[in-house]
Amino acid sequence: MFGLVKREWKGALHQSAGRSFPLKPSALGVSLVVIFGGISLVSEGVARGTEVYASANGARVYTVDSSGTPSVLATMDFDPYGLAMDSGGTLYAALESSGQINAIAPDGTVSLFATLPAHSNPSGMAFDGSGNLYVSDINPNDPIYKITPSGGVSAFATLPFNSFPAYMAFDNHGTLYTSDNVTSQISEIAPDGTVSVFATLPADSFPTGIAFDSSNNLYVALQSQNVIDKITPAGTVSLFATLTLADPPADGYGSDPQDLKVDTSGNLFVAENNTNRISEIAPDGTVSTFANITDPTYLLVVGGEAAATLGARAK
């Protein structure tokens with residue numbers, strides 16, 4: 001039996017059980033991959049047709065075709081959280097239970113890439129344009145780590161004590177952003193590691209997934225409000241979309257939106273953990289169901305968000 005990944009709104013850590021799985025991205029068309037175990041999937045510009053990936057609770061990896069039909073892809077031995085893909089198509093998984101970052105080749109072969117300091121709890125991941133991998137750590141007072149292409153690990157930035165930076169994204173100019181599920185703030189991290197507050201959202205809104213579009217607008221999933229907010233480069237916040245609930249869950253979590261990503265056409269994909277679906281939101285805010293998957297959490301778009309950002313980040 002697989003455990004349930006659920007983030008408590010007051011900033012407690014994810015809790016999960018099960019096993020994780022490597023990914024084998026499809027070569028053509030639109031596909032959705034679901035990884036059970038709390039994996040954050042962040043694309044970094046692999047040049048093939050648009051592919052959507054998602055993580056979810058448990059320990060199975062699925063592919064879901066453009067019609068929304070899922071199929072099991074592969075397995076691993078640990079629960080991964082964050083995932084990122086480099087420009088060569090290698091996938092990297094943050095293994096919460098071990099503090100390790102694993103490399104996953106396109107054929108599904110898994111190898112150890114880097115090990116974080118003891119007691120680390122890696123979560124979100126993202127690559128910069130020079131091939132450095134950034135990893136957030138949701139343990140109190142642990143830093144954002146930077147891992148070089150050769151596997152060297154160093155502390156890149158430190159957020160305020162008791163922060164919960166589970167999700168990260170680069171903007172189109174190479175600046176890193178994190179969402180904080182505890183303080184309801186979006187932090188901006190300069191290339192030298194300096195941290196500043198970019199936006200403050202309503203108290204107890206519990207922001208989760210974040211993603212930039214090609215115009216550098218930031219989209220934020222608000223876990224407690226079941227909505228997606230849009231933040232302009234100037235910091236103006238507005239409601240972009242509301243996630244509907246035909247049959248509201250009894251636990252009070254609502255749809256429980258987790259990660260989100262944007263494709264090249266400006267469509268958003270949102271992992272709704274409590275309604276067991278991946279929603280697709282059109283540029284006009286219209287919400288539809290893209291796929292039905294048990295407990296989705298994190299997402300990846302290859303040929304989508306990455307295509308809009310990787311070139312601008314390259315040094």
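**Hairpins, an open sheet, a cavity and two salt bridges**

Strand S11, which covers residues 133-137, pairs with strand S12, residues 144-147, in the antiparallel sense over 3 bridges. The model in which this pairing appears is a predicted one. Within the pair, the residue that stands opposite Tyr134 is Lys146 in S12. Together S11 and S12 make a hairpin, with 6 residues lying between the two strands. One residue of that turn, Asn141, has a positive phi of about 70°.

The chain then continues from S12 to a further strand. S12 pairs with strand S13, residues 153-157, again in the antiparallel sense, here over 4 bridges. Ile147 has Val153 in S13 as its bridge partner. S12 and S13 also form a hairpin, with 5 residues between them. In this turn it is Gly151 that has a positive phi, of about 100°. S12 thus takes part in a hairpin with S11 and in a hairpin with S13.

Further along the chain, how are strands S14, S15, S16 and S17 arranged? These 4 strands form an open sheet in the order S14-S15-S16-S17, with antiparallel pairing. At the edges of the sheet are strand S14 (167-170) and strand S17 (195-200), each of which pairs on one side only. From one strand to the next, the twist averages 30°. The pairing between strand S16, residues 185-189, and S17 can be followed in detail: the two are antiparallel and share 5 bridges. In this pair, Ile189 stands opposite Val195 in S17.

The loop between strand S15 (176-180) and S16 contains Val182. Is this residue buried, exposed or partly exposed? The relative accessible area of Val182 is 28%. Buried residues lie under 20% and exposed ones over 50%, so Val182 counts as partly exposed. Although Val182 and Ser163 are 19 residues apart along the chain, their C-alpha atoms are separated by 6.3 Å.

Ser163 leads to another feature of the model, as this residue is among those that line the second largest cavity. There are 2 cavities of 30 Å³ or more in the structure, and the second largest has a volume of about 40 Å³. Its lining consists of Asp137, Asn139, Pro140, Asn141, Asp142, Leu159, Pro160, Ser163 and Pro165. Asn141, already met in the turn between S11 and S12, is therefore also a lining residue of this cavity. Sorted by class, the lining comprises 4 nonpolar, 3 polar and 2 charged residues.

The last topic is the pairing of charged side chains. How many salt bridges does the structure hold? It holds 2. One of them joins Lys261 to Asp259, and the closest N and O atoms are 3.1 Å apart. Lys261 has a relative accessible area of 2% and is buried. Asp259 is likewise counted as buried, at 1% relative accessibility. Why do both residues receive this description? The term buried applies under 20% relative accessible area, and the values for Lys261 and Asp259 therefore meet the condition.

The other salt bridge is formed by the side chains of Arg277 and Glu272, with a distance of 2.9 Å from N to O. Arg277 and Glu272 are buried as well. In both salt bridges, then, the partners are buried: Lys261 with Asp259, and Arg277 with Glu272.

Methods:
Residues numbered from 1 in each chain as written. Predicted model: local features only at pLDDT ≥ 70, side-chain atom pairs only at ≥ 80, totals over all residues. Heavy atoms only, no water. Pairing = 2+ DSSP bridges. Axes fitted to C-alpha atoms, helices over the stretch in contact; angles between N-to-C directions. 1 Å grid on protein atoms, 1.4 Å probe; cavity = no way out; pocket = protein on both sides within 12 Å on 5 of 7 lines; lining within 4 Å. Points joined across faces, edges and corners; volume = space filled by probe spheres on them. Nonpolar A, V, L, I, M, F, W, Y, C, P; charged D, E, K, R; others polar. Salt bridge = Lys/Arg side-chain N within 4 Å of Asp/Glu carboxyl O. Buried < 20%, exposed > 50% of the residue type's maximum accessible area, 1.4 Å probe, protein only.
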